[in-house]
Amino acid sequence: IEDLLDIKIFSSMSSLVKDEISAMKTKLSQNSDKRSLKEESIRMFKETQKKLNRNTENLIENYKEKIKDTEAKIKETQEQVDLLVEHVSDFDDVKRQNKDLTQKINEIQKIEYGINQKVSKIKKDIDFYENNEQCPTCRQDIDDGFRNQTKESKNKKITEYEEGLKALSGKSQKINDRLENVSKILEKMTQKNIELSEKNKEIRMNNNYISDIVHEIEKLNNERKQDQDDNELVKLEKEFRNLKDEYVLLEEEAGILEVAVSILKDSGIKSKVVKQYVPIMNSLINKYLQSMDFFVNFELDESFSEKILSRHRDLFSYDSFSEGEKFRIDLALLFTWRKIAKLKNSVSTN
């Protein structure tokens with residue numbers, strides 16, 4: 001439907017915007033971390049202006065302790081990561097198993113459907129021979145021996161098909177049991193992957209934190225004079241203001257992205273486009289139904305849920321009708337989509 005109404009682009013746009021929001025959250029988090037570090041650095045520099053030498057040494061020692069503590073955290077987190085890696089090493093293999101089992105179930109269901117169709121046809125043939133002694137086309141009598149032989153042959157065929165269905169059912173149950181176990185394993189491994197990603201992110205943040213602290217220590221060692229400290233303090237305050245300004249801009253952009261996500265949801269702009277075509281579709285569907293002498297009032301809403309009202313009857317669903325009536329509805333929908341395609345895209349198909 002998205003292809004037909006030429007609104008698939010909105011889904012692509014929504015995916016891109018979500019990626020941008022994720023990146024924006026990372027930028028905001030990084031900005032907050034940097035501002036926190038700058039605030040801490042500014043506070044430390046103001047303290048060093050009182051007693052520069054002694055306070056500088058204390059500050060450096062304090063930074064070293066922080067590095068030591070952070071390195072300990074990194075080591076602990078890395079051990080957890082190594083343990084998680086062992087659990088998710090065969091994640092792709094489990095996903096492959098899940099896909100293969102699902103495909104097998106689908107294939108069995110298709111085979112079962114085909115067999116049931118064949119059984120249904122054979123039963124109709126048997127019913128014909130049981131209820132007719134004369135050919136309705138050529139008006140010739142049907143030989144009893146031939147009729148009995150044919151019914152026996154077809155009943156034997158039904159028995160073979162039913163045995164086949166029974167075997168397929170047993171096979172399907174075994175595959176479903178395996179699929180359930182694989183799905184549980186896949187769910188656990190997915191959770192482990194999420195946890196692994198969080199741990200790796202934590203390690204990266206701690207390494208960045210150590211790099212920033214090492215950089216601050218180097219600056220403290222290289223800039224001991226009072227005027228240098230004053231200049232550095234001015235620089236830090238300027239950097240902090242720049243980070244605050246950057247954060248404001250990032251927040252504004254994040255707000256715009258959130259609005260864009262809301263607009264690009266199924267309930268947003270796509271809903272508006274679909275809403276324009278719903279009355280046209282309903283009009284065309286009922287027109288084609290009437291042309292096939294099927295006088296019901298068929299309506300689709302914006303989520304393509306049907307509402308069918310039959311004359312002098314209550315509300316019906318699609319499954320309430322006979323196969324012939326269903327087929328008329330199917331044809332009306334087919335002709336309607338063909339007409340919509342022609343109206344929307346100048347595509348006319350025979």
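Which residues is Lys38 in contact with, leaving aside its neighbours within four places in sequence? In this predicted model, the partners are Glu216, Leu236, Glu239, Phe240 and Leu243. Lys38 itself lies in helix α1. The residue is buried, because its relative accessible area is 17% and the cut-off for burial is under 20%.

One of these partners, Phe240, also belongs to a nonpolar core of 18 residues. Met44, Ile67 and Ile74 are among the other members. This core is separate from the largest one, which is described next.

The largest nonpolar core holds 31 residues. Within this core, Leu289, Phe298 and Ile329 touch the most other members. Five elements each supply at least two residues: α1 (8-48), α5 (226-264), α6 (269-291), β1 (296-300) and α7 (323-345). Helix α6 gives the largest share, with nine residues. In soluble globular proteins, nonpolar side chains tend to be buried together.

The surroundings of Phe298 were examined further. Residues up to four places away in sequence were not counted. Phe298 touches Asn282, Ile285, Asn286 and Leu289. Glu306, Lys307 and Ile308 are also touched by Phe298. Ile329 and Leu333 complete the list for Phe298.

A second lysine was considered alongside Lys38. Lys66 lies in helix α2 (residues 52-88). Lys66 counts as partly exposed because its relative accessibility is 22%, and the partly exposed class runs between 20% and 50%. Beyond its neighbours within four places in sequence, Lys66 is in contact with Glu40, Tyr209 and Ile213. Lys66 and Ile213 stand 147 residues apart in sequence. In space, their C-alpha atoms are 8.3 Å apart.

Open space in the model was also examined. Rolling a probe the size of a water molecule over the atoms shows where empty space is left. The largest pocket contains about 530 Å³ of space. Its lining consists of 17 residues. Closest to the pocket centre are Ser29, Gln30, Asp33, Met205 and Asn208. Two or more lining residues come from each of α1 and α4 (144-222). Helix α1 gives the most, with 10 residues. By class, the lining has eight charged, six polar and three nonpolar residues.

Helix α1 thus recurs across these results. This helix carries Lys38. Helix α1 supplies at least two residues of the largest core, and it gives the most residues to the lining of the largest pocket.

Terms used
Residues numbered from 1 in each chain as written. Predicted model: local features only at pLDDT ≥ 70, side-chain atom pairs only at ≥ 80, totals over all residues. Heavy atoms only, no water. Core = buried A, V, L, I, M, F, W, Y, C linked by side-chain atoms within 4.5 Å. Buried < 20%, exposed > 50% of the residue type's maximum accessible area, 1.4 Å probe, protein only. Helix = DSSP H or I, 4+ residues; strand = E, 2+ residues; numbered from the N terminus. Contact = heavy atoms within 4.5 Å. 1 Å grid on protein atoms, 1.4 Å probe; cavity = no way out; pocket = protein on both sides within 12 Å on 5 of 7 lines; lining within 4 Å. Points joined across faces, edges and corners; volume = space filled by probe spheres on them. Nonpolar A, V, L, I, M, F, W, Y, C, P; charged D, E, K, R; others polar.
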